[in-house]
Amino acid sequence: MPCTVIVGAFWGDEGKGKIISYLALKDNLDFCVRTGSVNAAHTVWMEGKKYALHMVPAAFVNPKCRLFIAAGANVQVAKFLEEVELTKVHKRIGIDNNASIIEDKHAAQDKASAHLKGIGTTGWGVGPAIEERVRRTAKLAKDLPELQHYVVDTVTEINEGIDQGKRVLLEGTQGFMLSLYFGTYPYVTGRDTGASAIASEAGVGPTRVDDVLIVYKSFITRVGAGPLPGEMTKEEAQKRGWFETAAGTGRDRRSAPFDYDLAKKTAKINGATQAAVTKLDSIYPECKGKRRFDELQSEAKQFIKEIEKQTGVPVTLIGTGPDALDIVDRRK
Ligand code: IMP
Ligand code: MG
């Protein structure tokens, strides 16, 4: 803090939503800026209720936090309005003038393309909407009457906030290995998902970012096609208690054990200054709900120390359960 980028280390679904909701409450975030688009779902638990958010920033759990949709983001209007209603954030969310719009035709194109089916896209139309933006024929948020209540100059507001020392979180979506530039092309999403790109989409210059928090999950998952080193069978994943289904599309997530080499590479390219490790309780069930490092069993502590040793990045936050506050916070 004050300006932190959150980036996913692998193929998405590392638990960024949970980490962001914790920081929103614990660090009293002033601003949270969502990048990317509707293809990514961030899971947040609040007061026993589960939210899988596709558009509204995960920091909504703090009622004082102002929320933004970045200039580089792509807005699915129906989903945005539905989630604003669900989370009751009408008065504190702004969409940048220049955010672009995903139309129904984009989702139809996404689903009709045999090539995109082979990649296993989410079908939300994000790729075709980005193509349209690159062609410079996309509609922007400022063009739509139904968004007029929300449209603002987020870039000025965010940068003035940083000048005033506000606590600003730039919410990355998906994972670094899905990056259009650095991931497992062509089995990637339609944008760069790295820390620099997250800042760029939000309109924040690189020198104004204080921290890059990379989020690792204790094991790796991937949805859709493309390589996954160390992939295990669904039966094996179920036996280990690692089997998951996607928060957005309900598809099975493929899984693999934690990969130190990949963790090291993604920490370096993203310039990570801190790391979070989520779902430690999935691989060490005795850790469930623990909130202090010295309460963790020795193998679990060893695992965290090995990540620090191999990546050279301090693991400051450790997730031990779904609730926002199920965290070992080692920052103090
Ligand atoms: P698209 O982003 O819908 O074009 O899908 C491209 C690839 O990225 C597919 O393999 C998707 O499963 C994957 N993908 C996109 N968004 C997410 C996400 O938020 N979590 C995990 N995988 C994602
Ligand atoms: Mg997700």
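The following legends describe close-up views of the two ligand sites in a predicted model.

**View 1. The magnesium ion and its protein donors.** The magnesium ion (ligand 2) has as its protein donors Asp13, through OD, and Ala41, through O. These donors lie 2.1 to 2.4 Å from the ion. The two residues link distant parts of the chain and stand 28 residues apart. Asp13 belongs to the loop between strand E1 (3-8) and helix H1 (16-26), while Ala41 belongs to the loop between strand E2 (31-34) and strand E3 (42-46).

**View 2. Accessibility of Asp13 and Ala41.** Asp13 is partly exposed, because its relative accessibility is 24%. Ala41, with a relative accessible area of 12%, is buried, because this value falls under 20%.

**View 3. Polar contacts of ligand 1.** A polar atom in the side chain of Thr122 is 2.7 Å from an oxygen atom of ligand 1. In the side chain of Asp13, an N or O atom lies 3.3 Å from a nitrogen atom of ligand 1; Asp13 is also a donor of the magnesium ion. Gly120 takes part through its backbone, where a polar atom is 3.4 Å from an oxygen atom of ligand 1. The protein buries 96% of the 470 Å² that ligand 1 exposes when taken alone.

**View 4. The surroundings of ligand 1.** Ligand 1 takes up the space of the largest pocket. Around ligand 1 there are 15 residues. Those that come nearest are Asn39, Thr122, Gln174, Thr189 and Arg251. Of these, Thr122 also appears in View 3, with its side-chain contact to an oxygen atom of ligand 1.

Note on methods:
Residues numbered from 1 in each chain as written. Chains lettered and ligands numbered in written order. Predicted model: local features only at pLDDT ≥ 70, side-chain atom pairs only at ≥ 80, totals over all residues. Heavy atoms only, no water. Donors = N, O, S within 2.8 Å, 3.2 Å for Na, K, Ca; no water. Helix = DSSP H or I, 4+ residues; strand = E, 2+ residues; numbered from the N terminus. Buried < 20%, exposed > 50% of the residue type's maximum accessible area, 1.4 Å probe, protein only. Near = heavy atom within 4 Å. Polar contact = N/O pair within 3.5 Å; in protein donor to acceptor, adjacent residues only side chain to side chain. Areas by Shrake-Rupley, 256 points an atom, 1.4 Å probe, with all protein chains shown as cover. 1 Å grid on protein atoms, 1.4 Å probe; cavity = no way out; pocket = protein on both sides within 12 Å on 5 of 7 lines; lining within 4 Å. Sits in = over half its atoms within 2 Å of the grid points.
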